[in-house]
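I opened the model today and kept notes as I went. The entries follow the order in which I looked things up.

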Amino acid sequence: MNSRGIQILAAAVCLTACLSASAGVKTITFENRDNCLEITNGTARLVIIPGAGGRVLHYSLDGGPDFYASGCQIDIGPELDYPPNHPALWSGPYAVEILGPLSVKLTSPEDGATGLQLIKVIEMDKEGAGVTVRATMKNISEKDVAYCLWDRTMTNADYGFFPLNPDSRFKARWSMRRGEPGSWRYDGENPSSPRVQIVGDLLVTVPGKKMEKVAADSMAGWIAGFMDGWLYIKRFPVESDGDYADGGNSVEFWVNDRGTMTEIEPLSPKVTLKPGETYTFHERWDLRRVDVEINSAEDIPKLLPYVKKMGKPLAP
């Protein structure tokens, strides 16, 4: 090996050692928030705030931009059932247990209003940006309760997209939330939005102003977002006979008033839990830099080969 080759090898060994040394779980101050948890494998980075609902505040890879706007929170639904207020689950202090070099367990206080306690186990892969999330709801009451788990991930995505169901229950194959709080419903007959385009078998949300929530009964088990060369995907199991009680939808997008934040929302079925019973919703997240130019919804299918490479469907 020549001297140039030795120098390159030495640099690679040094970089690997530095990355290994930086990997793990530690407590940090993040954006003026104390007692946050950082999980990193040396290239990917998650930041979690246990004291405010166990929310994931930050997700990035290779020093790139934070894909999250206000973070990821696992909530309960269905939204159309209007669950009682549950601040203990949404923003309460979660207990922390370090399970391994790249994994943590977060446990909420018990919430009397809903009869639930939430437990989240978050584990980062040793390489890349892959993350496994197992969210569990436990019935801590003395009577049966019925809810779903509702992932609400607030992102900086310019575009959002998911596959449509060829055998959809909706005439349009997708639906739009209409009405006012307290009387919301999903219209799958004549949904329409300037921010939604159907490209082949994909629903694509495009940049623009505020958009009412759009959704579908997708059976593909994934939902994705794209931002400035970064592709983000969530995979999750879909149950063919599950009770998707939020208007029949398994996936939803919502955009804030300024059109600057896209909320990516996979949902579990609604399940009934007897006292002491639990239900777990399993997700896989991934984030990757892709060399694809996206200028319109028509370009989004170019991302599908990368989606395929970024994981397989999760079994129910």
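**Entry 1: a proline in a loop.** I started with Pro78, which sits in the loop between strand 5 and helix 2. This is a predicted model, so I read each feature as a prediction. I checked the peptide bond from Gly77 to Pro78 and found it cis, with omega near 5 degrees. I noted that because most peptide bonds are trans.

**Entry 2: the loop's aromatic partner.** I stayed in that loop, between strand 5 (68-77) and helix 2 (87-90), and picked out Tyr82. I counted aromatic pairs next: the structure holds ten. In one of them, Tyr82 is stacked with Trp184, at 6.3 Å centre to centre and 20 degrees between the planes. I counted it as stacked because planes under 30 degrees apart qualify. Trp184 lies in the loop between strand 12 (175-178) and strand 13 (185-187), so the pair ties together parts that are 102 residues apart in sequence.

I then asked how exposed or buried each partner is. Tyr82 is partly exposed, with a relative accessible area of 36%. Trp184 is buried, at 19%. I logged Trp184 as buried because the cut-off is under 20%.

**Entry 3: charges over rings.** I went back to Trp184 and looked for a charge over its ring. The charged end of Arg177 sits there, 3.8 Å from the ring centre. I also found Arg152 over the face of Trp150, at 4.3 Å from the ring centre.

**Entry 4: cluster and cores.** I looked up which residues form one aromatic cluster with Tyr59. They are Phe67, Tyr68, Tyr232 and Trp285. I met Tyr59 and Trp285 again in the largest nonpolar core, which has 57 residues. Both are listed among those with the most contacts inside it, along with Leu46, Ile122, Met137 and Leu149. A second, separate core has 19 residues, including Ala224, Val292, Ala297 and Ile300.

**Entry 5: positive phi.** I finished with the backbone. Which phi does Glu31 have, positive or negative? It is positive, about 50 degrees, although Glu31 is not a glycine. Glu31 lies in the loop between strand 1 (24-30) and strand 2 (33-40). Its relative accessible area is 56%, and I wrote it down as exposed.

Asn35 is not a glycine either, and its phi is positive at about 60 degrees. I placed Asn35 in strand 2. It counts as exposed, at 58% relative accessibility. I flagged these phi values because most residues other than glycine have a negative phi.

Methods
Residues numbered from 1 in each chain as written. Predicted model: local features only at pLDDT ≥ 70, side-chain atom pairs only at ≥ 80, totals over all residues. Heavy atoms only, no water. Phe/Tyr/Trp six-rings, centres within 6.5 Å; stacked < 30°, edge-to-face > 60°. Helix = DSSP H or I, 4+ residues; strand = E, 2+ residues; numbered from the N terminus. Buried < 20%, exposed > 50% of the residue type's maximum accessible area, 1.4 Å probe, protein only. Lys NZ or Arg CZ within 6 Å of the ring centre and 35° of its normal. Core = buried A, V, L, I, M, F, W, Y, C linked by side-chain atoms within 4.5 Å.
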